[in-house]
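Student: I have a structure to read and would like to go through its aromatic rings and a few other spots. Can we take it in short steps?

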Amino acid sequence: MVKDHALRVYRSDENLAREDQLAHKIAAIAAEQLEPTDAVTDMVINRVIDNAAVATASLTRAPVVAARAQAERHPYSPGATVFGSDLRVSPEWAAWANGVAVRELDYHDTFLAADYSHPGDNIPPILAVAQHTGRTGADLLRGIVTGYEIQIDLVKAICLHKHKIDHVAHLGPSAAAGIGTLLGLDTETIFQAVGQALHTTTATRQSRKGEISTWKAHAPAFAGKMAVEAVDRAMRGQTSPTPIYEGEDGVIAWMLDGPDAHYEVPLPELGEARTAILDSYTKEHSAEYQAQAWIDLARKLGREHPELVEENINRIVLHTSHHTHYVIGSGANDPQKYDPNASRETLDHSIPYIFTVALQDQEWHHVNSYAPERANRPDTVALWKRVTTQEDAEWTRRYHSIDPAEKAFGGRVEIELTDGSRIVEEIAVADAHPLGARPFAREQYVTKFRTLADGVLASDEIERFLAAAERLPELSASELGELTVRGNFPATTAKGIF
């Protein structure tokens, strides 16, 4: 069964043994070649389809076009595929371009606990290395399972955002571990790669604060690219700062909870099935995960209460968790969250905006709901400014609960009408959540891909990709290149260095 690994800071003169270091324990797990369970295999296929769906929908968006153009300047043989391109490129650049495409719309899977994560971000770097090195679908499957396991285990235990460190600091180590499993590397090599990947992927959360820039989509892609390069260096015998987590000048001591910190990191025992991917959940809507349940509730309220129009509403208060209030709510104290001219990246981190539009439209669309003309609609702007959030201790407790049956990402809405009446409703999890009203299964993932690919890919290309993805564990090395999408996507971007 899962065992907690005690993690703290050690003075240099304490000489923490290598095998007792967290990076080494991660590496030992990654070095094992275990066959995934049927349920885990099924979920990996779902996640590969989900990633491709959201990447396809973003192929003409500026950050993705720029990242693809950069990657295409690094053609390589055998190389790896790039979404929307016919070229094979160096694997670290494929990881970069595909990572940006997957992340751009904030629309793929999530896991929230002590920290935040999008564990599907592990797939682009692991897939790129698999294609370049001639691995099979079975190899890729094992690598992805490790990437999910390590990232989710770290997210369950170590809070980064409290110290304003971006959550991709958990992604660098997990992607490096997943690549280690994919390639069948030994524990020592993976240990060095995990340390390097962590060391090079710690950055501040300013990318998710205030005026949110296009870098939000690039951040996990950068972590994946760094993981590929870290593994390459480690395979060449290069070493990393040690102990990277526990050292007196290490990540915990100076970037996280400090010299007196203590964490309990849940890690599977050697030989134990890696099932963490089953704890993750995808998004039905293109928005920050903590907005998913609120979109569903707002749509429901809009359908059931036609009187909920701007002129009839005094104010709307969303009682919710600490994270939702301070990250995407009014507790963030970001004026941009109420700015109709804010970027899409900012609006998808504004629950007052999202709730308002979902209430008025009774739907959520990954493009139309963020359009400038939609954000500037007068009745939307007027109502939006009357929507605030408040932290509620019980919803915060449920947000952090380790019991899946009570863990929640929603809250209670109180709507005060101009006639003095009130409407009060609550929602715990999104409809698409495993415990929600309409849990996602393979049918819903395939539908999501078809919906987002419609009008972007040719119909035969949609079917080709789905057929390849659903055969993932059986794919030969020569077939692994089928896990991409192709089409005519001309790149119009400013010239850079490359």
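Student: Is Trp215 buried, partly exposed or exposed?
Tutor: Keep in mind that this is a predicted model. Buried means under 20% relative accessible area and exposed means over 50%. The relative accessible area of Trp215 is 37%, so Trp215 is partly exposed.

Student: How many aromatic pairs does the structure hold?
Tutor: A pair of aromatic rings is described by the distance of the centres and the angle of the planes. Rings pair if their centres lie within 6.5 Å. In this structure the number of aromatic pairs is 15.

Student: Are the rings of Trp96 and Trp215 stacked, tilted or edge-to-face?
Tutor: Planes under 30 degrees apart count as stacked and those over 60 as edge-to-face. Here the centres are 6.3 Å apart and the planes stand at 45 degrees, so the pair of Trp96 and Trp215 is tilted.

Student: How many residues apart are Trp96 and Trp215?
Tutor: Trp96 belongs to helix H4 (residues 91–103), while Trp215 is in helix H9 (residues 215–235). The pair therefore links distant parts of the chain, and the two are apart by 119 residues.

Student: Which residues do ring pairs link into a cluster with Trp96 and Trp215?
Tutor: Ring pairs join Trp96 and Trp215 to further aromatic residues. The others in this cluster are Trp93, Phe222 and Phe498.

Student: Which residue lies over the face of Trp93?
Tutor: A charge sits over a ring if NZ of Lys or CZ of Arg is within 6 Å of the ring centre. Over the face of Trp93, at 4.5 Å from the ring centre, lies Lys225.

Student: What kind of aromatic pair do Tyr289 and Phe409 form?
Tutor: Planes over 60 degrees apart count as edge-to-face. The centres of Tyr289 and Phe409 are 5.5 Å apart and their planes are at 85 degrees, which makes the pair edge-to-face.

Student: How far apart in sequence are the parts that Tyr289 and Phe409 tie together?
Tutor: Tyr289 lies in the loop between strand S4 and helix H11. Phe409 lies in the loop between helix H17 and strand S7. The pair therefore ties together parts whose separation in sequence is 120 residues.

Student: Is His285 buried or exposed?
Tutor: His285 is also found in the loop between S4 and H11. Its contacts beyond four places in sequence include Asp106, Tyr107 and Trp364. The relative accessibility of His285 is 2%, so His285 counts as buried.

Key
Residues are numbered from 1 along each chain as its sequence is written. This is a predicted model: local features need pLDDT of at least 70, side-chain atom pairs count only at pLDDT 80 or more; totals for chains, interfaces and linings use all residues. Side-chain values use heavy atoms; hydrogens and water are left out. Rings of Phe, Tyr and Trp (its six-membered ring) pair if their centres lie within 6.5 Å; planes under 30 degrees apart count as stacked, over 60 as edge-to-face and the rest as tilted. Helices (H or I, at least four residues) and strands (E, at least two) are DSSP runs, numbered from the N terminus. Buried means under 20% relative accessible area, exposed over 50%, partly exposed in between (1.4 Å probe, protein chains only). A charge sits over a ring if NZ of Lys or CZ of Arg is within 6 Å of the ring centre and within 35 degrees of the ring normal. Contact means heavy atoms within 4.5 Å.
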